[in-house]
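Me: I am new to this structure and should like to understand the terms used for it. Please explain, for each term, what justifies its use.

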Amino acid sequence: MSKSRADPMVRHALVLVCEECSGRSPRPKAVRSAIKSAVKSAGARRALRVVGSQCLDRCPKRAVVVAVARRRGDEALTCHEVSSDAELGALIASVLAELG
């Protein structure tokens, strides 16, 4: 019999950053680090988990694919193509806004 966790690691959303986009700009590790830093500074570290993933099969030419899987709501999974700092900032702002 498995134990159920009272405090799940992901309360609101899981963010997957494709690490197969390594030859692209911006770099996947930089994107993942920027999202993690923003979440931590917003005090929402336990509400959101940011991880690297294998290929998400979207493969844009000059961007990194970021998928956001929410625990609740109508949209189960949304994919975003991040190719600039402005797009990354907008993605971070929208994810943090949903967390409250």
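The exchange below takes up the predicted model, beginning with its overall make-up and ending with single residues.

Me: What makes up the secondary structure of the protein, and in which order do the elements run?

Reply: The protein has 2 helices and 4 strands. Read from the N terminus, the elements follow the order β-α-β-β-β-α. Of the 100 residues in the protein, 32% are buried. Among contacts with a separation of 6 or more, 65% join residues 24 or more positions apart.

Me: How do you know that the length of α2 agrees with the expected span?

Reply: Helix α2 covers residues 85-99, which is 15 residues. The distance from its first C-alpha to its last is 21 Å, and the expected value at 1.5 Å a residue is 21 Å, so the span is close to expectation.

Me: Why are the buried residues of α2 said to line one face of the helix?

Reply: The buried residues are Leu88, Leu91, Ile92 and Val95. When α2 is viewed down its axis, they fall within an arc of 95 degrees, and therefore they line one face. The face turned away from this buried side carries Ala86 and Ala97, which are exposed. The cover over the buried residues of α2 includes α1 (28-41), β2 (48-53), β3 (64-70) and β4 (77-82).

Me: What can be said of α1, and how do you know that its buried residues line one face?

Reply: α1 has 14 residues and reaches 20 Å from first C-alpha to last, close to the 20 Å expected at 1.5 Å a residue. Its buried residues are Pro28, Val31, Ile35, Ala38 and Val39. Seen down the axis of α1, they fall within an arc of 100 degrees, so they too line one face of their helix. Lys29, Lys40 and Ser41 are exposed on the other side of α1. The buried residues of α1 pack against β1 (13-18), β2, β3 and α2. After α1 comes glycine 43, with a positive phi near 75 degrees.

Me: How many cavities of 30 Å³ or more does a search of the whole structure find, and what lines the largest cavity?

Reply: The search of the whole structure finds 1 cavity that reaches 30 Å³ or more. The volume of the largest cavity is about 50 Å³. Its lining consists of Val15, Ile35, Val39, Leu48, Val66, Val68, Leu91, Ile92, Val95 and Leu96. At least two residues of this lining come from each of α1, β3 and α2. The largest share, 4 residues, is supplied by α2.

Me: Why is threonine 78 called buried?

Reply: The relative accessibility of threonine 78 is 15%, and buried means under 20%, so threonine 78 counts as buried. This residue is placed in strand β4. Beyond its neighbours within four places in sequence, threonine 78 is in contact with Val66, Ala67, Val68 and Arg70.

Me: What makes the pairing of the side chains of threonine 78 and histidine 80 a polar contact?

Reply: The two side chains are joined by a polar contact of 3.2 Å. The cut-off for the N or O atoms of such a pair is within 3.5 Å, so the distance of 3.2 Å meets it.

Me: Why is leucine 56 called partly exposed?

Reply: Its relative accessible area is 26%; because this lies between the 20% limit for buried and the 50% limit for exposed, leucine 56 is partly exposed. Leucine 56 is in the loop between β2 and β3. Leaving aside neighbours within four places in sequence, leucine 56 is in contact with Leu16, Cys18, Val65 and Ala67. Its C-alpha atom is separated by 9.1 Å from that of glutamate 19, although the two residues are 37 residues apart along the chain.

Me: Aspartate 57 and cysteine 59 also lie in the loop between β2 and β3. What draws attention to the phi of each?

Reply: Most residues other than glycine have a negative phi. Aspartate 57, however, has a positive phi near 65 degrees, and cysteine 59 has a positive phi of about 45 degrees.

Me: Is each of these two called buried, partly exposed or exposed, and why?

Reply: Aspartate 57 has a relative accessibility of 65%, and exposed means over 50%, so aspartate 57 counts as exposed. Cysteine 59 has a relative accessible area of 46%, which lies between 20% and 50%, and therefore cysteine 59 is partly exposed.

Methods
Residues are numbered from 1 along each chain as its sequence is written. This is a predicted model: local features need pLDDT of at least 70, side-chain atom pairs count only at pLDDT 80 or more; totals for chains, interfaces and linings use all residues. Side-chain values use heavy atoms; hydrogens and water are left out. Buried means under 20% relative accessible area, exposed over 50%, partly exposed in between (1.4 Å probe, protein chains only). The arc is that of the directions from the helix axis to the C-beta atoms. Contact means heavy atoms within 4.5 Å. A polar contact is a pair of N or O atoms within 3.5 Å; within protein, one must be able to donate a hydrogen and the other to accept it, and residues adjacent in sequence count only if both atoms are side-chain atoms. On a 1 Å grid over the protein atoms alone, a cavity is a set of points where a 1.4 Å probe fits but cannot get out, and a pocket is an open set with protein on both sides within 12 Å along at least five of seven lines; lining residues have an atom within 4 Å of a point. Grid points are joined across faces, edges and corners, and a volume is the space filled by probe spheres set on the points.
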